[in-house]
Each structure stands twice: as structure tokens, then as C-alpha cells.
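Open the model in your viewer and keep the sequence panel beside it. We will go stop by stop, selecting as we go.

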Amino acid sequence: PADDEVRIEEIKRLLRVNNAVLVAHYYTDDAIQQLAEETGGCVADSLEMARFGARHEANTLVVAGVRFMGETAKILSPEKRVLMPTLEATCSLDLGCPADEFSAFCDQHPDRTVVVYANTSAAVKARADWVVTSSIAVEVIEELHARGEKILWAPDKHLGGYIQKKTGADMLLWDGACIVHEEFKAKGVEDLKALYPEAAVLVHPESPAAVVELADVAGSTSQLIQAAKELPNDKLIVATDRGIFFKMQQAVPEKILFEAPTAGNGASCKSCAHCPWMAMNALDNLAGALRLGSGEILVDDALRLAALKPLERMLNFQR
Ligand code: 13P
Ligand code: SF4
């Protein structure tokens with residue numbers, strides 16, 4: 001639409017004059033992903049977003065995604081201004097893990113190494129020994145397990161259960177879930193697979209165990225896009241937020257992509273497989289943030305330093 005064109009041109013200009021760069025997640029709107037790509041920003045998974053923002057020389061990072069992604073960017077780059085199209089974009093995992101309750105839980109288990117998913121507040125990260133994203137979680141826990149450490153994991157119970165199964169680590173799990181991935185149904189995936197037996201199944205490990213068990217590949221958003229390219233199958237059933245289809249289809253234009261069903265009868269629910277908080281990022285509020293300097297992420301200094309340690313462990317992790 002013509003309005004979108006005007007907004008897009010305005011955003012491009014504002015990015016230039018503010019020496020700003022756009023860092024977008026795969027689950028944001030196609031137009032935002034496209035803009036990030038065209039303007040020298042990045043479209044990425046949570047780990048790559050963090051790395052990109054920290055390394056980029058821009059003075060302003062505009063993070064299109066959800067709150068924890070903006071906070072992570074600010075913790076890693078306190079000298080940069082970090083703006084978000086809206087500060088309302090949260091995450092059910094973050095909401096389901098309040099810092100005070102989490103801290104009390106940690107206090108009850110002082111013998112455990114505390115590993116938290118990136119989808120948490122700065123205050124929860126500040127209480128952790130390690131932060132991980134889904135693309136690096138298995139490797140980090142494998143290493144900690146090899147060192148004989150017992151783990152306290154939060155907040156995603158599905159991702160935690162998946163890692164536990166893969167690594168055999170002793171993990172105590174917080175009871176949190178992603179409202180988007182939790183909706184995928186094994187029965188629906190099985191029914192679709194029965195229709196297209198030659199299709200490969202790609203699953204984000206925030207999905208329930210019964211769905212992950214059906215996966216040919218389980219991994220972070222970037223890992224799923226990589227798998228889409230590498231697998232020989234020309235049909236792919238994909239269980240993650242449907243925002244990923246924009247980049248995945250670009251990566252494999254010749255392949256047929258199916259949304260994994262979110263209802264047991266095999267029918268795809270059009271409103272389920274899209275994160276309502278990611279969907280709050282739009283061209284309008286993105287332009288507004290750049291125009292007004294609104295949606296700025298600020299993190300208290302003491303909190304920032306405490307949260308930086310476990311984040312840096314993740315970024316420096318090598319096996
Ligand atoms: P990744 O992009 O790291 O796979 O994270 C998925 C997610 O749900 C982010 O909100
Ligand atoms: Fe959180 Fe799930 Fe939305 Fe990702 S998709 S931001 S994990 S609610």
C-alpha cells in the first residue's frame with residue numbers, strides 16, 4: 001500500500017540521519033524483515049541479534065522483536081541508544097518468570113548452576129550463572145553436565161525437557177511455556193505427515209515434547225532455516241511462528257512449506273502460530289520510535305553489570 005511506501009522511505013531516511021541500524025527477529029512482519037535487510041541491518045535468531053548489535057558501530061540500535069531482545073542489546077552495548085517500536089512487546093516466558101519468585105527458587109537450590117533462557121528479564125538474567133538461546137543451549141548444558149554440574153533451568157519447560165533428554169543432564173525445570181509453540185499438536189503433524197510422507201518436519205524446541213519427537217530437525221529459528229536448505233526434501237512441515245516463512249521461503253524458493261497444525265484435527269489455526277507480541281512491531285511505531293526517540297530501553301547500571309556476566313559467558317562460549 002502507498003502508506004507503507006511512505007513509512008518505509010521515512011524509516012530509511014531516519015535510520016541514515018540517526019546513524020541507526022535495524023535489528024529484526026524472524027517472527028516480525030515481512031515488511032520489517034525486508035527493511036532490515038535492505039538497510040544493512042540484520043534479520044536473525046536471538047543469539048545472532050545479540051552478536052550483531054554488540055558488534056555494529058551504529059550509535060542507535062532499533063530492535064524489532066520483543067523486550068528481552070532490546071534489553072539484551074542494551075546490556076551488551078550500554079553506550080548505544082537502544083530503541084524499540086513498542087515497549088509493550090513482551091513474551092509469555094518472561095511474564096511467567098517474575099524475578100522475585102525466581103530468585104527465591106534459586107535460593108532453595110544453591111547446589112545447582114543457574115541457566116536461564118534469553119527470553120527473560122534483565123533481573124532474572126542477573127540471578128543466573130549462564131544465559132543461553134535455543135541455538136546454543138544444548139552445547140552449553142552438555143559442557144556443564146560433563147563438568148558434573150547440576151542445573152536449575154528456567155523458564156521454558158519444553159525447551160528444558162528437550163535439552164535434558166538430549167544431554168542426560170540433571171535439570172530442575174521452571175514451569176514456563178511459549179504460548180505460540182505450545183499450541184502445536186503432535187496429532188496434527190502426524191496427520192499432515194500421513195498426507196505428505198516425503199515431507200521433513202522442522203520443529204522449534206519450545207514446542208511440546210510429543211511434537212519435537214516427530215522432528216527431523218529441532219533447532220533455533222536460524223538453525224531451522226539452515227536445515228530447510230540442507231535437507232533433500234522438497235516439502236517441509238514447520239512448527240514455529242509463521243513469521244519464519246518469509247526468510248525460509250526466500251532461502252528455498254523451490255520447496256513447499258507447510259505450517260504445522262495447531263489443532264488436533266489437522267486444520268491450521270490462522271491466529272495461533274504467530275506471536276501477538278512480535279506482531280506489535282509495525283512500520284508505524286518503528287517510524288515513530290526513530291522520529292521521537294521513543295521506546296528507549298534503559299537498564300539500571302548495577303542490574304546491567306550483573307546480567308552482563310552470564311550473557312558474556314554465552315557469547316564467549318566455545319568448546
Ligand atoms: P530463536 O530465534 O533464538 O530461535 O528464539 C525463538 C523465540 O521464540 C524468540 O522469541
Ligand atoms: Fe516469547 Fe513465544 Fe513470542 Fe518467542 S514466540 S517472544 S518465546 S511468546
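Two strands count as paired if DSSP finds at least two bridges between them. Keep that in mind for the sheets. Note also that this is a predicted model.

**Stop 1: a four-strand sheet.** Select β2 (42-44), β1 (20-25) and β3 (60-64), then add β4 (81-83). These four strands form an open sheet in the order β2-β1-β3-β4, with parallel pairing. β2 and β4 are the edge strands; each has a single partner, so one side of each is left without a neighbour in the sheet. On average, neighbouring strands here are turned by 20 degrees against each other, direction ignored.

Now zoom in on β3 and β4. They run parallel and are joined by three bridges. Show Leu61 and find Val82 of β4 standing opposite.

Next, add the helices on this sheet. α4 packs on the sheet and touches β1, β3 and β4; its direction makes about 160 degrees with that of β3. Helix α14 (residues 283-292) also packs on the sheet, touching β1, β3 and β4, and its direction makes about 160 degrees with that of β3.

**Stop 2: helix α3.** Select residues 46-55. Which residues of this helix are buried? They are Ser46, Leu47, Met49, Ala50 and Gly53. Why do they lie on the same side of α3? Because they cover an arc of only 165 degrees around the axis. The buried residues of α3 pack against β1, β2, β3 and α4 (67-76).

**Stop 3: a second sheet.** Select β10 (217-218) and β12 (256-259), β9 (200-203) and β11 (235-239). These four strands form an open sheet in the order β10-β9-β11-β12, and the pairing is parallel. β10 and β12 stand at the edges with a single partner strand each, so one side of each has no neighbour in the sheet.

Four bridges pair β11 with β12 in the parallel sense. Show Lys235 and look across to Ile256 in β12, which stands opposite. Then add helix α10 (residues 186-195), which lies across β9, β11 and β12 and runs at about 175 degrees to β11.

**Stop 4: the ligands.** Select ligand 1. It is surrounded by 13 residues, the closest being Asp45, Ser46, Ser134, Ser220 and Thr221. Colour this shell by class: four nonpolar, seven polar and two charged. Ser46 is already familiar as a buried residue of α3.

Move to ligand 2. Around it are 14 residues, of which Cys91, Ser92, Cys178, Val180 and Cys275 come nearest. By class, this shell has 10 nonpolar, two polar and two charged residues.

Conventions. Residues numbered from 1 in each chain as written. Chains lettered and ligands numbered in written order. Predicted model: local features only at pLDDT ≥ 70, side-chain atom pairs only at ≥ 80, totals over all residues. Near = placed C-beta within 6 Å. Nonpolar A, V, L, I, M, F, W, Y, C, P; charged D, E, K, R; others polar. Buried ≥ 20, exposed ≤ 12 C-beta atoms within 10 Å, placed from the backbone. Helix = DSSP H or I, 4+ residues; strand = E, 2+ residues; numbered from the N terminus. Arc of directions from axis to C-beta. Contact = placed C-beta atoms within 7 Å. Axes fitted to C-alpha atoms, helices over the stretch in contact; angles between N-to-C directions.
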